[in-house]
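The exercises below ask you to work through burial, packing and charge pairing from the coordinates. Each task sentence is followed by a solution that goes step by step.

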Amino acid sequence: MDRYDVTGMSCAACSARVEKAVSGVDGVSSCQVNLLTNSMTVEGTASPSDIISAVKAAGYGASVKGKPAQTKETDPAEDTVRTRLAASLVLLVVLLYFSMGHMLLDLPLPAFFDGNHVAMGLVQLLLSALIMVINQKFFINGFKGVLHGAPNMDTLVALGSSASFAWSTYSLFIMTQAVKNGDHSTVMQCMNDFYFESAAMIVTLITVGKLLEQRSKGKTTNALTELMELAPKTACVVRDGAEHIIPADEVVKGDIFIVRPGESIPVDGVVREGETSVNEAALTGESIPADKTVGDKVSAATVNQTGTVTCEATGVGEDTALARVIQMVSDAAASKAPIARLADRIAGIFVPTVCAIALVTIVVWLICGAQAGFALARGISVLVISCPCALGLATPVAIMVGSGVGAKNGILFKTATALENAGNTQIVVLDKTGTITSGEPEVTDIIPAGMSEEQLITAAASIEHMSEHPIAGAIMREADRRGIAPASVTDFRALSGSGLTAVLNGQTLCGGSVSFISKLCDVSGYASECERLSDEGKTPLMFTADGKLAGIIAVADRIRDDSAEAVRQMHEMGLSVVMLTGDNERTARVIGKQAGVDEVIAGVMPDGKEMAVRTFMETGKTAMVGDGINDAPALTRADTGIAIGAGTDIAIDSADVVLMHSSLADVPRAIRLSRAALRNIRQNLFWAFFYNVIGIPLAAGVWIPIFGWTLEPMFGAAAMSLSSFCVVTNALRLNLANINKGYSRGERADVSVAAERLRDLLSAGEKYDVVMHIEGMMCEHCEKRVKKALERIDGVESAVADHKAGTASLKLSHEVPMETLAAAVEEADYKVISK
């Protein structure tokens, strides 16, 4: 995707013209033009020179986009508009004094002008001409658009102002003839036909509107500007044994840099020395500082708070997390939402249609017997009240503000389509491991038998600290949390995945699964306890000391603290929630019940997740939430793919929305933000359409015969100048949106039928070529280990391991020797007992 800056656009008709011109270039597969950011994104094989030439041929300017946006407080374009406006207002006050002051406010005129109507007309002509020259941009752009066959908003302004000026000048010449002939009534009639103040007022009021619009549009990009200003400008690097302060953009990968308390981290890196806590709110929105120690990653623009750390640079320039966030927000703002298509189609024909309506208005009033000046005023009012700009800004301003609000809260929408689709979600499909659960086993229950709880943890930690199994890691973390250090053991042995044994102070310790320990001692008294733990989705581990049961420690991949609350909020929002997992049915049901989901689909392979999403998409708009490589196909397939930020790069690349926190609570928040943005867009589009539907007939004089309502050209110009300002201001209200509650939408979709159909599809597909019986699997992490070992073998398409059943079921693309399969399992430290 190539990005370009586009100059010379003033309204939606301009952006539609540029888009049409570039889309016609050979090799361009898609083109999106953003009026808000004056930018364009192009996909395809066309060269930049061909694309720029096409834009120039359409009457506009273009250049390849450099680094994102300036961050100056004041836009030079805004300075230019402000200068033009100041000069115009000074002259306009004088013009209004001569044209209307003596009549409306009874202000005295210089004696020279007393009864000198021609002199009054000449002064008004000169002042209005000066104001039109000051605002010549409207006339240059407007008539240039006509010459290129692409009339725009400036064309309407230029035609309206020029027509007022031309008719007034004509009336001035008629007045001079009447003065010569002594025809006083014609002189007074000509005075009433002067519209010099309207010609000047039109361009001045439109300039006021442009200034208000530019200032408001600048506020819509505040979030992006603030993000870009977060990155520190300098870094303290260590080179040749000495510290050097250098610009942050000169840091290269592999550089060693030092960050002291209170300083911002200049680039992405890994801590090599020291410990600290880092405030990552700038990137994730999380206000609680994260502790960092050797080996932990740190990100650019986050703030070091407590200790001095030495880090190695791993991501610099555009490779930092901050740069990727900025790029995502920029891409979202530059893209176009599907809801904008109707406005784009109307904008493409808007200006020619308005010109035709203005011409018809003049002709109809003349046919009805109105004076030429009155008919012309009605046509001019139609030209200057019509506003294609509001149509063009209705969607992009809301997208820009919505994307910025999301970025501040750790929610990144990659495109405008993602922002729109998320709000239409009806069904949320959740991957279990790492999304609903932490993805890391934890100790959940400790049941001593013959020794104290502390002694049991000490014994378990002493033998488990020699193992690399995930369950061992859970026990070690529990011991560390309690301040218990493992004791030194001798004669340590791992028994083919079934269990562990070691000697501690002359006492033989054993630990392992219930089936393993039951062969060593009588555990019948604890059978019901083990059954209860298994029913709760936990893995019970038994430990013995000199052949006597010492106790049970249960381990489970516990659901995240906020998962149940997140699911409850999604239900309140009218969303149906489904959990997908590759785990066995028993464990999956327990987790699903704890989380409160509507449906649980267990035993799902990676390709099955993609099929599951397709199945639910037939029922309603579906979002898939996941974090792993095996979630990528499903994330891509879903109407909206949502990746948990702590997930794999592949999952993040496949997703439409990225959550910087590892929190399921951000899913309902993202959907609420999307719904708020959609509502704002609909409000903007309604206002833009409603304004023109009401304003054009009023300006044309449709209501004069009924209600006597008349709209003078200057008031039409004022209305036009305010329309775009209102749209942009309404979009800014998104900054006040509460994305933590509300935004419910009707009844939940019934997913039970789709769930049953999916289970049938999965069952029909589970015709395995080989079923292996394996001893030693104790938890879902064992299942993953066996699965990974088997799927490495050429010929094994997929493998499903079940530690409860003690089996591994395989699908083969061609025959694989059983010895090869068994060797792979045993190499992973598990024992094949039958094939």
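A residue is called buried under 20% relative accessible area, exposed over 50%, and partly exposed in between, with a 1.4 Å probe and protein chains only. The model is predicted, so that local features need pLDDT of at least 70 and side-chain atom pairs count only at pLDDT 80 or more, while totals for chains, interfaces and linings use all residues. Residues are numbered from 1 along each chain as its sequence is written, and side-chain values use heavy atoms, with hydrogens and water left out.

**Exercise 1.** Determine which residue forms a salt bridge with Arg239, and whether each partner is buried or partly exposed.

Solution. The criterion is a side-chain nitrogen of Lys or Arg within 4 Å of a carboxyl oxygen of Asp or Glu. The partner is Asp255, with the closest N and O atoms 2.6 Å apart. Because Arg239 lies in strand 5 and Asp255 in the loop between strand 6 and strand 7, the pair ties together parts that are 16 residues apart in sequence; here helices (H or I, at least four residues) and strands (E, at least two) are DSSP runs, numbered from the N terminus. As for accessibility, Asp255 is buried at 11%, whereas Arg239 is partly exposed at 31%.

**Exercise 2.** Repeat the analysis for Arg637 and find its salt-bridge partner.

Solution. Arg637 pairs with Glu610, and their closest N and O atoms are 2.7 Å apart. The pair links distant parts of the chain, since Arg637 belongs to helix 24 and Glu610 to helix 23, 27 residues apart. Glu610 is buried, with a relative accessibility of 13%, while Arg637 is partly exposed at 39%.

**Exercise 3.** Identify the buried residues of helix 20 and state where they lie around its axis.

Solution. In helix 20, which spans residues 527–535, the buried residues are Cys530, Leu533 and Ser534. Viewed down the axis, these buried residues fall within an arc of 100 degrees (taken from the directions from the helix axis to the C-beta atoms), so they line one face of the helix. An α-helix has 3.6 residues a turn, so residues three or four places apart point the same way. The elements that the buried residues pack against include strand 16, helix 19 and helix 22.

**Exercise 4.** Locate Arg560 and list its contacts beyond four places in sequence.

Solution. Arg560 sits in the loop between strand 21 and helix 21. With contact meaning heavy atoms within 4.5 Å, its partners are Gly434, Thr435, Ile436, Thr437, Ser438 and Ser662. The side chain of Arg560 also reaches the backbone oxygen of Thr437 at 3.3 Å.

Note on methods:
A polar contact is a pair of N or O atoms within 3.5 Å; within protein, one must be able to donate a hydrogen and the other to accept it, and residues adjacent in sequence count only if both atoms are side-chain atoms.
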